2 protein chains.
Amino acid sequence: MPATAVSCLTLNRLSLYLRCLRQLQRRGVHRISSQEMARRFDLSASQIRKDLAQFGEFGIRGVGYDVDQLLARLRGLLGLDRPHNLVVVGLGHLGSAVARHFASNHRAFRVVGLFDNDPAKIGQELEGLAIRAIGEVAAVVAETAAEIGVLAVPADVAQEVYDRLVEAGIESVLNFAPVQLRQSPRVRCRTVDLRIYLEELVYFLESDGATSRALGKPGR
Amino acid sequence: MPATAVSCLTLNRLSLYLRCLRQLQRRGVHRISSQEMARRFDLSASQIRKDLAQFGEFGIRGVGYDVDQLLARLRGLLGLDRPHNLVVVGLGHLGSAVARHFASNHRAFRVVGLFDNDPAKIGQELEGLAIRAIGEVAAVVAETAAEIGVLAVPADVAQEVYDRLVEAGIESVLNFAPVQLRQSPRVRCRTVDLRIYLEELVYFLESDGATSRALGKPGR
């Protein structure tokens, strides 16, 4: 099995454990056994034990895992113990919401640049940060050592802005534009296409209908 | 291979083709060969031909596929040729952006209900629709035959609101709350956790660092 396949699978589960542990911490839970965690979050207790043992984390029999300690350890493993700078390009409804979301909620992510090409938006402030012209993105990325670019521009300019972010030295892109981007091999990109998520849900709404028949599945 | 595995894989590729075909349509392209489509979007030409042939769609040699026709056919297969009603619960930054996004951009999805528990928001309008109290969700779902619920509430109330949507008869949930929900087997749920997407990107930013070593991968 290639190393990337292993790490992607593991990564997904670590992110999930992190989310569960954050929920427990918010509820004031300090200790949890793998069984109790599995029960609460619909996971497998033996998988939890196996995954965490891989990183030297063993729960104590009858006592379980220390929630705060385990959270800190997973944050470290995932590189979330230091802040990561991000810039947001495109401040329409979605881009603004995402900028606000990360500016106010997440210490691990620091919004250091906001960009748009609309003269009416340039110069305005969002979460205490001035919106700048897209032409300034390279200078800001260089100055702030921003690693992540959030792409929330219309579909027809997404490729152009993506290329500009890559050229500016951005290392990862979170893309909200509903387009298939021609990607640089150097830059990791995750596309979050809200329409595709809804389409997936619709497909399953319809799954006893035309699609199932076309796919040769037996009807329900 | 179980039927669900097949359909999920196929579904992902069909959604991707749909996105690519929409891009071509926007650019005024009426005909495209599998080779040209593969080249433009970094896909496999033989995979495209195989997938589409499964649904009786064969490109004509030297001419290719009819973009409009293929789009219409895929929309039909995916159940997107009729509108689907959705309600949005939680109208903070993200929920409002998602409501606006689907109200203005997508004919296949119709926003028929907006809900919040903040008295300052109830009664206000968004995209011509009045925001209502969460207590009215069951009545609205019954009245509008809404199938999809978009969950954009804070983490600590997400489970309660999810349960309420399920009870109201919602069939699918798109969840933006960063929580692991205890789910009804009857309702399909897709969680879009923006933080997890960023965490994935950060992991790869760091992948020549601590994580790789902990995962036993060779450093780059």
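Ala145(A) has 10 C-beta neighbours inside 10 Å and therefore counts as exposed. In this predicted model, the residue sits in the loop that joins H6 and E7 of chain A. Its backbone is also noteworthy in one respect: Ala145(A) is not a glycine, yet its phi is positive, about 55°. Most residues other than glycine have a negative phi. Although 59 residues separate Ala145(A) from Leu86(A) in sequence, their C-alpha atoms are 8.8 Å apart in space.

Asp42(A) offers a second case of this kind. The phi of this residue, which is not a glycine either, is positive and near 65°. Asp42(A) is placed in the loop between helix H2 (34-41) and helix H3 (45-53) of chain A. Because 11 C-beta neighbours lie inside 10 Å, Asp42(A) counts as exposed.

The chain to which both residues belong contains nine helices and nine strands. Chain A has 220 residues, of which 37% count as buried. Among the contacts in chain A with a separation of 6 or more, 54% are between residues 24 or more positions apart.

Helix H7 of chain A shows how one element is set into this fold. The 14 residues of H7(A) should span 20 Å at 1.5 Å a residue, and the end C-alpha atoms are indeed 20 Å apart, so the two values agree. Ala158(A), Val161(A), Tyr162(A) and Leu165(A) are the buried residues of H7(A). These buried residues pack against strand E3 (84-89), helix H6 (137-144), strand E7 (148-151) and E8 of chain A. After H7(A) comes Gly169(A), with a positive phi near 105°.

In chain B, helix H4 (residues 67-77) has Val67(B), Leu70(B), Leu74(B) and Leu77(B) as its buried residues. Viewed down the axis of H4(B), they fall within an arc of 90° and therefore line one face of the helix. Gly79(B) follows H4(B), and its phi is positive, near 80°.

The largest nonpolar core has 117 residues, and those touching the most other members are Val88(A), Val89(A), Leu151(A), Val88(B), Val89(B) and Leu151(B). Leaving aside residues up to four places away in sequence, Val88(B) touches Gly95(B), Val98(B), Ala99(B), Val111(B), Leu114(B), Val150(B) and Ala152(B).

The relation between the two chains can now be considered. A turn of 180° with a shift of 0.0 Å along the axis lays chain A on chain B with an RMSD of 0.0 Å. This is the relation of a two-fold axis. Within chain A, Ala97(A) has the C-alpha nearest the axis, 3.2 Å from it.

The contact between the chains draws 61 residues from chain A and 62 residues from chain B. On the side of chain A that touches chain B, the elements that each supply at least two residues are helix H1 (3-26), helix H4 (67-77), helix H5 (93-105), helix H7 (155-168), strand E8 (172-175), strand E9 (188-191), helix H8 (194-205) and helix H9 (210-214). H8(A) provides the largest share of that side, 12 residues. By class, the side of chain A that touches chain B is made up of 31 nonpolar, 14 polar and 16 charged residues. Since 100% of the interface residues of chain A are also interface residues in chain B, the copies meet through the same surface.

Note on methods. Residues are numbered from 1 along each chain as its sequence is written. Chains are lettered from A and ligands numbered from 1 in the order in which they are written. This is a predicted model: local features need pLDDT of at least 70, side-chain atom pairs count only at pLDDT 80 or more; totals for chains, interfaces and linings use all residues. A residue is buried if 20 or more other C-beta atoms lie within 10 Å of its own, exposed if 12 or fewer, and partly exposed in between; C-beta atoms are placed from the backbone. Helices (H or I, at least four residues) and strands (E, at least two) are DSSP runs, numbered from the N terminus. The arc is that of the directions from the helix axis to the C-beta atoms. Copies are superposed by least squares on the C-alpha atoms of residues with pLDDT of at least 70 in both. Two residues are in contact if their C-beta atoms, placed from the backbone, lie within 7 Å. Ala, Val, Leu, Ile, Met, Phe, Trp, Tyr, Cys and Pro count as nonpolar, Asp, Glu, Lys and Arg as charged, and the others, Gly among them, as polar. The expected span of a helix is 1.5 Å times one less than its number of residues. A nonpolar core is a set of buried Ala, Val, Leu, Ile, Met, Phe, Trp, Tyr and Cys residues joined through C-beta atoms within 7 Å.
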